[in-house]
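Please open the structure in your viewer and keep the sequence panel beside it. The tour starts with the whole chain and then moves to a few selections.

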Amino acid sequence: MKKYIAELVGTFVLTFLGCGAAVALGCGSDTASIVGTAVAFGLAVVAMAYTIGGISGCHINPAITLGVFLSGRISAKDCGMYIVFQVIGAVLAAAVLAGIVSTDPSAVITTSTGANACTYGAVNGLIVEIVLTTIFVLVVLGATAKTNGATNNFAGLAIGLSLILIHLVGIHFTGTSVNPARSIGPALFEQGQALSDLWVFIVGPLVGGALAACIWKLIDTDEK
């Protein structure tokens with residue numbers, strides 16, 4: 001149970017700090033806000049990796065959990081429970097953020113909760129999310145692999161930095177999800193387009209996570 005709770009806490013922190021930065025900076029209003037939001041998500045992952053990585057592996061993302069499961073590193077039970085607790089953590093974070101915004105909207109640049117939406121349509125958004133999630137989960141699987149030896153001690157840093165890069169590309173198109181839990185929480189409170197487009201940010205990242213697992217199995221040199 002401790003590792004499930006760790007995933008809840010980690011996903012809460014990621015969603016609150018990442019989406020909170022997007023709200024506070026008015027993400028998308030200028031280049032600086034996009035870069036700031038990207039850095040916030042990346043640093044949140046780094047912080048949590050070195051906080052709960054030794055407890056749960058710090059997935060804090062259903063797409064990562066699915067990729068890890070398909071790679072044979074966790075059980076089906078843990079896969080399901082991780083995802084449930086990740087979603088709970090994201091919903092709680094979005095609830096707190098929505099409460100802050102509604103209490104004093106003048107304190108932030110935008111009243112958004114940092115939810116995702118397909119700026120250029122669902123097909124465009126789906127492609128973007130699949131490609132970016134595949135890259136991201138592949139980095140996670142590779143950086144944490146036994147074949148990397150001592151270098152996997154720096155996995156948290158590699159994963160966080162890659163998430164920054166992914167956000168720099170994806171924010172313009174979808175706001176960047178690559179994480180169904182991080183999208184579900186804010187969408188439940190923002191409603192509107194965020195809710196109608198939510199399926200893209202569930203299907204896209206999960207497909208990307210599965211593709212990453214397939215690619216990793218093709219190139220992994222670790223003998224099972």
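A contact here means that heavy atoms lie within 4.5 Å. With that in mind, residues 24 or more positions apart account for 76% of the contacts in the protein that have a separation of 6 or more. Please remember along the way that this is a predicted model.

**The whole chain**

Show the protein as a cartoon and follow it from the N terminus, where the elements run α-α-α-α-α-α-α-α-α, which gives nine helices and zero strands. If you turn the C-alpha trace along its principal axes, it spans about 55 × 35 × 30 Å. The radius of gyration of the protein is 16 Å, which agrees with the value near 17 Å that a compact globule of 224 residues would have.

**Surface and charges**

Switch to a surface view next: the accessible surface of the protein comes to about 9800 Å², and 71% of it belongs to carbon and sulfur atoms. Beneath that surface, buried residues make up 49% of the 224 residues. If you then colour by charge, there are 8 positive and 10 negative charges to find, and their mean positions are 14 Å apart.

**The aromatic pairs**

Now display the aromatic side chains, among which the count comes to four aromatic pairs. Select Y4 and F85, which form a stacked pair with 5.7 Å from centre to centre and 25 degrees between the planes. This pair links distant parts of the chain, since Y4 lies in helix α1 (residues 2-25) and F85 in helix α4 (residues 76-103), 81 residues apart. Add Y82 to the selection, and you will have a cluster in which ring pairs link Y4, Y82 and F85.

Are Y4 and F85 buried or exposed? Buried means under 20% relative accessible area, so Y4, with a relative accessible area of 6%, is buried, and F85, at 14% relative accessibility, counts as buried too.

**A stop in helix α5**

For the last stop, select T133, which is found in helix α5 (residues 122-143). T133 counts as buried because its relative accessibility is 0%. Which residues does T133 touch, not counting residues up to four places away in sequence? Show A63, V178, P205, G208 and G209, and you will have the residues that T133 touches on that basis. To look more carefully at one of them, draw a distance from the C-alpha of T133 to that of P205: these residues are 72 apart in sequence, and the distance in space is 5.3 Å.

Terms used. Residues numbered from 1 in each chain as written. Predicted model: local features only at pLDDT ≥ 70, side-chain atom pairs only at ≥ 80, totals over all residues. Heavy atoms only, no water. Helix = DSSP H or I, 4+ residues; strand = E, 2+ residues; numbered from the N terminus. Rg over C-alpha atoms; globule rule 2.2 N^0.38 Å. Buried < 20%, exposed > 50% of the residue type's maximum accessible area, 1.4 Å probe, protein only. Areas by Shrake-Rupley, 256 points an atom, 1.4 Å probe, with all protein chains shown as cover. Lys, Arg positive; Asp, Glu negative; His and termini not counted. Charge placed at Lys NZ, Arg CZ, Asp CG, Glu CD. Phe/Tyr/Trp six-rings, centres within 6.5 Å; stacked < 30°, edge-to-face > 60°.
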